[in-house]
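Trainee: I have just opened this entry and would like to go through it slowly. Could we take the chains and their contacts one question at a time?

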Amino acid sequence: MVGGGLAVVTLRNIIHSAIAMMVCFGSLAGMYLLLGAAIIAAAQVLIYLGAISVLILFAIMLTQAGDANIPAPFHRQVWLAAVVALAVMGLIGWAAVTTNWGDNLSAAAIGIQQIATALFTTYALPFEILSLLLLAAIIGAIFLARRPEEDERAN
Amino acid sequence: MGLAGYLVVSTLLFGIGAFGFLARRNAILMLICIELMLYGVNLSLVAFNAYLPGGANAGGVFALMIMAVAAAEATVGLALVIAIIRTRQTPEVDEYSDLKE
């Protein structure tokens, strides 16, 4: 999975990057299954492998002008970016490894029923706000991606 | 592979995403890298939920919510990128320099 992630940021051709991203999504779903979170793995496969990947691939196909001259993939500040990213990684990784997480280190499966109960009782208000957010996102996306000629024709 | 192993993997994902976001020039790829960073956080949430007791499954619920928010963000972000590319004819973010004096 980490290899897939690295391929996403280093590959020159953006379509190859998107396919590496799909590999990364799939192995992440496998990791959720290893953690016993079957519902989250299913959501991962449905939402990301199914929907977001296709959306991103469509966007790439819509915007690519042809692969004759692929420009340089990185900024000039690539080394600065690498240093910053490595510093963040090192700091978080050091914190994660050196912290004592207690003795009960065995993964407990997350039941679908418990998730559903928590989602619709304790977290019912965030759930409703989330549906509002999704509606706003749909309307915003339609508005932004509309071609300008169409609203001239509408006027 | 214990909790620390999952946390290290999620840290690596987050760092790779951060590096890609800072270093790549393509706008769509920057969006993909934001997604990678969100997955890093998501994986750590699910791992904490599985390994640490007493959270009332908050980790799993918030992982699902982050997925929905990430989907909304990807939709709006891609629509914005497509609109920008349509007017500027290039996906490279360092060509968007009209506001620079």
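Mentor: Let us fix one term before anything else: two residues are in contact if their C-beta atoms, placed from the backbone, lie within 7 Å. This is a predicted model, in which local features need pLDDT of at least 70 and side-chain atom pairs count only at pLDDT 80 or more, while totals for chains, interfaces and linings use all residues. Residues are numbered from 1 along each chain as its sequence is written, and chains are lettered from A and ligands numbered from 1 in the order in which they are written.

Trainee: Which residues does B:Ala47 touch, not counting residues up to four places away in sequence?

Mentor: With those sequence neighbours set aside, B:Ala47 has partners in both chains. They are A:Leu35 from chain A and, from chain B, B:Leu3, B:Tyr6 and B:Leu7.

Trainee: What pattern does chain B follow along the sequence?

Mentor: Helices (H or I, at least four residues) and strands (E, at least two) are DSSP runs, numbered from the N terminus. Chain B has three helices and zero strands, and read along the sequence its pattern is α-α-α.

Trainee: Which element gives the most to the largest nonpolar core?

Mentor: A nonpolar core is a set of buried Ala, Val, Leu, Ile, Met, Phe, Trp, Tyr and Cys residues joined through C-beta atoms within 7 Å, and a residue is buried if 20 or more other C-beta atoms lie within 10 Å of its own, exposed if 12 or fewer, and partly exposed in between. The largest such core has 61 residues, of which B:Ile28, B:Leu43, B:Val46 and B:Ala47 touch the most other members. Two or more residues come from each of α2, α3, α4 and α6 of chain A and α1 (3-23), α2 (27-51) and α3 (58-88) of chain B. The element that gives the most, with 14 residues, is α2(B).

Trainee: How are α3(A) and α2(B) oriented, roughly parallel or roughly antiparallel?

Mentor: Axes are lines fitted to C-alpha atoms, for helices over the stretch in contact, with angles from 0 to 180 degrees between N-to-C directions. The axes of α3(A) and α2(B) come within 11 Å and cross at roughly 170°. Angles under 35 degrees count as roughly parallel, over 145 as roughly antiparallel, 65 to 115 as roughly perpendicular and the rest as oblique, so the crossing makes α3(A) and α2(B) roughly antiparallel.

Trainee: Which residues of α2(B) make the contact with α3(A)?

Mentor: On the side of α3(A), the contact is made by A:Ile40, A:Ile56, A:Ala59, A:Ile60 and A:Thr63. From α2(B), the residues are B:Ile28, B:Ile32 and B:Val46.
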